[in-house]
Amino acid sequence: MRRSRWHGLWLGLTPALFIAGMAVLPMLRLMWFGASEPSPLGTESGGFLSGWLAIWSDSYLRERIVWSLTQAGVSTVLAVLLGVPVAWVMARLEFWGRQWLMQTLMLPFVVPTLVAAMGVLAWWGPRGLVGQFFEWDDRGSAWLLIAGNLFFNLCLIVRAAVAGFESQSAARLAVARTLGATPWRAFWRVELPHATPAILSAMSLVFLYCLGGFGLALLLGGQAYATAEVVIYTLVAHELELVLASQLALWMLLFTGVAVALYAWLQMRVRAPLRGDRVRRYRPNVKSLTTWLMLVGVWMVCLCIGLAPLVAIFTKAALASSVAWSEALSGETAAAIWNTTRFSATALVLATVLGVSHAIVGRRYWWWRMWGMLPLMISPVMVAFGLILLVPQWLDSWLILVCAYALLAMPLVVQPVAQALDSLPRAWGDAALSLGASPWRVWWRVTMPLIAPAIRRGVAFAMATMVGEFAMTLFLSRPEWTTLTTLIYQHLGRAGRLNIDSAWVLSAILLSVTLVLFWLLDGRRWHAVGTPEFDDRSPHA
Amino acid sequence: MRRHFLLTTALVGLLFQPLFAGAADARTTLRVVTHSSFDLPKDLIATFEAEKKVTLRLIKAGDAGEMLNKLILSKETPIADVVFGIDNAMLPRARREGLLQPLPAETAALSLSPNVSDVDPQASAASDWLPIDFGYVTINIDKAWFAENKLALPTSLDQLAEPEYAKLLVVENPATSSTGLAFLTATVQAKGESAWTWWRALRAGGVKVSNSWSDAYYKDFTRNGGSRPMVVSYLTSPAAEVFYSDKPVNVSPTANLNLPGGVYAQIEGLSLLTGGAKDAATRQAAVDFMLFMRSAAVQKALQTTMWMWPASATVAREPVMTFAGKAPTARAVDAAVLDRDARNWVRRFNQEVVR
Amino acid sequence: MLECQHLTKTFQGVTLLDNVNWQWPATGRFATSAVGGERPGVQVVALLGASGAGKTSLLRLIAGLDHASAGCVRWDGQDLSKVPPERRGFALMFQDFALFPHLNVQDNVAFGLREQGQSRAAARATASQALARMGLGDFTQRAVTALSGGEQQRVALARALVTQPRLFLLDEPFSSLDTDLRTQLRSGFLNDLQANWDGTASGISRVLLVTHDEAEAREMASHAWRLSAGALVSLW
């Protein structure tokens with residue numbers, strides 16, 4: 001017993017140390033750098049605090065921070081306003097195409113951020129299929145970024161609200177009706193309060209994701225609507241103002257920390273789903289105008305926000321000239337695909353091993369689980385920046401990039417595996433032991449096969465995340481490490497119609513590759529995506 | 001089971017791929033990092049590679065300012081052996097960051113055109129930087145637009161800052177673009193401290209700031225479908241317009257607006273990066289490349305691909321360059337001043353004009 | 001009184017109710033049963049049948065939560081087909097009492113009053129009075145999850161009583177409880193209803209009890225029907 005405990009300790013320590021080394025150390029270095037170097041904004045004599053606070057008094061930087069918070073807030077509110085009604089219709093009504101619509105709504109889970117940004121541009125942007133009919137000025141529009149945020153996060157709200165509504169006790173609803181509540185009053189006074197904890201928890205997660213998102217903000221916000229993350233990148237890559245950037249990062253860390261704490265607290269209050277006594281879905285009265293309005297509304301929201309950007313990318317790619325196609329399928333692209341493949345594959349192995357180890361060990365300690373979720377909460381821009389400061393002498397080793405990828409992908413493996421292990425009854429393991437199997441054999445012959453689907457699910461999401469990784473690759477990029485995502489960004493940066501068209505083509509290729517990979521790895525169980533068991537998908541693709 | 005075995009082997013193979021890659025190659029690879037506007041005829045490069053048994057890896061790293069930033073960020077693990085595109089305004093900064101190695105002895109024999117050494121004697125005398133080409137940064141105007149809108153051209157920098165002209169201008173950000181830095185340096189050189197009042201006036205008037213020369217020229221210039229008929233560009237760009245036009249023309253569609261204080265002499269150079277070209281073969285390749293870039297063939301060819309004038313004393317200018325007009329008088333700023341102040345100017349620009 | 005005319009309900013191909021015609025027994029007598037004795041002010045009618053026979057469907061039809069395939073439900077001759085559940089005045093009670101967990105005891109009881117248009121203050125005042133009458137006056141601010149089974153039942157009853165329903169519909173209210181609690185709750189329920197009676201004919205509490213336990217029906221109900229194969233058969 002003691003020996004296996006010791007093995008367990010090592011098994012668990014490695015992933016924890018990995019997270020500490022890859023995430024916490026760079027952040028600490030970044031914070032130390034920001035705290036110890038004199039700021040160009042602060043006074044000569046003033047210490048760290050004066051320089052740090054000076055950021056708030058600099059009108060431009062303050063505006064950027066306020067905008068970051070605003071766009072996250074607006075996106076969250078809009079997601080709730082759109083998502084809760086959609087979720088109610090999905091949870092209560094039975095209509096043609098409902099299942100398909102639910103699955104389509106969950107599609108953004110596997111779409112890389114860069115592709116999502118390109119999709120929003122392809123649909124809503126100045127040259128977009130729908131956007132070309134709007135008026136645009138030089139600076140773009142704030143709504144592009146909000147649309148991008150909605151694309152990614154609407155499904156989170158819908159999923160949480162559906163779970164909340166589906167777990168409603170039918171008895172309570174019936175009682176409310178007989179006590180005199182009209183259907184609307186019953187919704188407002190009974191159904192909504194019941195679903196509120198789940199919705200609030202999802203809202204805080206959405207806020208967190210919107211606040212820390214980089215790829216979307218870079219492409220859709222541009223310079224006029226730059227969020228703080230984009231400004232940090234600009235300060236580092238374009239102006240080399242490392243001190244200013246790190247102090248701005250500290251500010252954002254503060255806000256992100258508050259959001260994380262809020263999410264953790266809210267998550268604890270989410271009630272476990274009821275067993276039995278569920279409200280059954282019903283076929284609505286097709287002759288009623290209200291029904292038609294509801295159904296049309298739901299279809300419009302799901303398609304326009306969720307599916308349209310993806311369709312738009314394929315359309316744009318198909319409409320691109322053959323010159324653009326040949327440009328896109330050049331040697332440069334082949335090299336980028338090779339890079340994406342080798343980085344993702346190697347990181348996948350690393351993330352799987354570390355993730356499964358972490359999930360096995362110490363499941364019962366909530367702080368252990370939080371530690372495993374840490375990479376999801378931190379900003380990859382700050383981690384990459386911290387790495388640049390911490391280990392500049394190792395920045396030409398591709399192992400650093402692979403480790404960074406593995407860091408981002410780890411929680412996606414840990415989550416489903418931990419949940420699968422949670423729901424595994426102890427009785428089976430005990431039965432196997434009593435039948436003569438050693439603990440290792442029990443693990444190999446009983447536990448592993450049973451959690452294999454969860455591992456597959458985790459691996460599929462990890463793969464989708466890494467193929468689409470953008471923020472860290474951009475920051476740590478060396479010319480020989482160009483991946484498909486940074487290649488798209490490069491094409492966007494070069495002027496000329498040809499380059500934009502090539503960017504559409506490459507985005508379509510990246511999207512197809514991601515979808516195909518996900519399908520190969522775990523496609524057969526697509527219907528289970530977005531169900532309450534799996535709190536999956538990384539915000540940092 | 002077999003499927004898992006194959007998958008595992010494949011992944012393990014991927015893990016050890018770096019060990020197997022790079023099988024012994026007779027050629028040395030020379031990594032050259034350049035700005036995005038670097039362009040030479042392919043056959044010239046191919047001839048060089050074949051003759052010297054070198055594989056040239058050209059790494060384009062954005063506009064020159066962006067490239068410099070990347071080099072500084074990665075200076076402990078340099079991304080290339082040789083860098084092309086650092087200009088005389090950026091040179092002090094590159095030196096201060098310790099990016100440059102002394103030039104190899106073989107380059108000392110190359111002769112420099114007096115046009116170059118007159119304009120910037122300090123840079124020309126550098127021992128860690130080899131001038132390759134030079135040109136003048138100035139304002140280009142779209143003749144058709146001005147004719148159509150019946151607007152007279154501004155005649156001084158001060159007139160340029162008036163709202164009716166400021167909103168027609170696009171400049172580049174000196175943090176990322178060497179063109180932008182050159183123009184900013186020229187204005188500060190001419191106006192001194194009041195340059196900042198002038199820039200603020202420009203900003204209030206509606207000047208656009210672009211991140212790179214190619215963005216400004218190919219996206220924002222009215223000639224290419226943009227909204228600004230005045231762009232900070234090069235003296236030779238009108239010549240390029242003639243060269244590239246579909247039908248033969250006698251007169252360039254664009255013209256230079258050489259305002260006093262709005263012109264800067266820019267020299268681009270080639271350097272060895274600290275930490276690059278470590279082994280003898282690569283070092284020899286670097287020397288060969290430097291001599292190649294100053295060879296007559298390249299000095300002639302770069303005029304019509306990169307649109308700069310040759311730094312070499314022995315190569316004549318191409319005939320099409322007459323469309324660029326006469327070279328204006330402009331002298332470069334003292335290196336010590338640049339060393340001390342350039343970074344602050346860039347910082348101030350970003351604070352006062354961009355943000 | 002309650003009346004079902006030609007009531008038919010099919011669901012997913014299964015006929016749960018087949019042309020049911022039924023009337024509330026017009027005996028004018030109070031609840032009596034072999035064991036419980038006379039309880040003034042309370043009339044209990046039992047509906048028996050095996051699980052899944054359709055008893056709950058009939059209850060839901062009466063309450064207005066489902067629509068019949070054919071036929072209608074009437075009250076005092078008025079066809080209730082177009083009347084939504086919130087306006088029928090039938091109180092529904094379940095075995096898990098279905099108290100709202102996000103409201104405290106007082107607000108639970110005040111729920112129906114607020115739906116009738118009363119202000120929050122007025123509703124709460126009435127609710128407190130009703131709770132005090134049932135001996136639960138100290139419980140007003142408590143969370144419903146902190147109550148015992150018996151207390152929860154009384155709060156659920158108070159919640160229904162304050163809306164002055166015309167009919168109580170009980171859906172297997174005591175079936176999954178253990179014997180001791182079941183007996184306690186059964187008699188407690190009837191006692192509370194009886195104590196609530198103000199002595200007038202209009203104050204009589206009418207209870208339609210759905211259960212599969214015949215002994216329970218015998219103890220509580222003065223009349224009983226059995227629902228099997230979609231038809232109602234009178235038992236006593």
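User: How many residues does the contact between chain A and chain C take from each of the two chains?
Analyst: This is a predicted model in which local features need pLDDT of at least 70 and side-chain atom pairs count only at pLDDT 80 or more, while totals for chains, interfaces and linings use all residues. Residues are numbered from 1 along each chain as its sequence is written, and chains are lettered from A and ligands numbered from 1 in the order in which they are written. With a contact defined as two residues whose C-beta atoms, placed from the backbone, lie within 7 Å, the residues taken are 15 from chain A and 18 from chain C.

User: Which helix gives the most to the side of chain A that touches chain C?
Analyst: Helices here are DSSP runs of H or I with at least four residues, strands are runs of E with at least two, and both are numbered from the N terminus. Helix H7 (170-178) and helix H8 (183-212) of chain A each supply at least two residues of the side that touches chain C. The most, six residues, comes from H7(A).

User: Which pair of chains has the most contacts, and which two chains are joined by no contact?
Analyst: Two pairs of chains touch, and the pair with the most contacts is A and C. The closest C-alpha atoms of the pair without any contact lie 46 Å apart, and that pair is chain B and chain C.

User: How do the residues of the side of chain B that touches chain A divide by class?
Analyst: This contact takes 23 residues from chain B and 19 residues from chain A. On the side of chain B, the elements that give two or more residues are helix H1 (2-15), helix H4 (64-73), helix H13 (213-220) and helix H17 (335-354). If Ala, Val, Leu, Ile, Met, Phe, Trp, Tyr, Cys and Pro count as nonpolar, Asp, Glu, Lys and Arg as charged, and the others, Gly among them, as polar, this side divides into ten nonpolar, seven polar and six charged residues.

User: Why does the radius of gyration of chain A agree with that of a compact globule, and what is its value?
Analyst: Chain A has 22 helices and zero strands, and its C-alpha atoms fill a box of roughly 70 × 70 × 55 Å along the principal axes. The radius is taken over C-alpha atoms, and the globule rule is 2.2 Å times the number of residues to the power 0.38. Because this rule puts a compact globule of 541 residues near 24 Å, there is agreement with the radius of chain A, which is 24 Å.

User: What share of the residues of chain B is buried?
Analyst: Chain B comes to 17 helices and eleven strands, and its C-alpha trace spans about 75 × 55 × 50 Å along the principal axes. A residue is buried if 20 or more other C-beta atoms lie within 10 Å of its own, exposed if 12 or fewer, and partly exposed in between, with C-beta atoms placed from the backbone. Of the 355 residues in chain B, the buried share is 47%.

User: Over which residues of chain B is the pLDDT below 50?
Analyst: The pLDDT, the predictor's confidence in each residue from 0 to 100, averages 87 in chain B, where 93% of the residues score at least 70. The stretch below 50 has zero contacts in the model beyond near neighbours in sequence, and it covers residues 18-24.

User: Is Lys53(B) buried or partly exposed?
Analyst: Lys53(B) lies in the loop between helix H3 (42-52) and strand E2 (54-60) of chain B, and its phi is near 55°, a positive value in a residue other than glycine. Because Lys53(B) has 13 C-beta neighbours inside 10 Å, it counts as partly exposed.

User: Which strands stand at the edges of the open sheet of chain C?
Analyst: Strands are taken to pair if DSSP finds at least two bridges between them, and the six strands of this sheet follow the order E6-E7-E8-E3-E9-E10 with mixed pairing. Each edge strand has a single partner, so one side is left without a neighbour in the sheet, and these strands are E6 (90-94) and E10 (231-234).

User: Which residue of E7(C) is the bridge partner of Ala91(C)?
Analyst: E6(C) and E7(C) pair in the parallel sense over five bridges. In E7(C), the bridge partner of Ala91(C) is Phe168(C).
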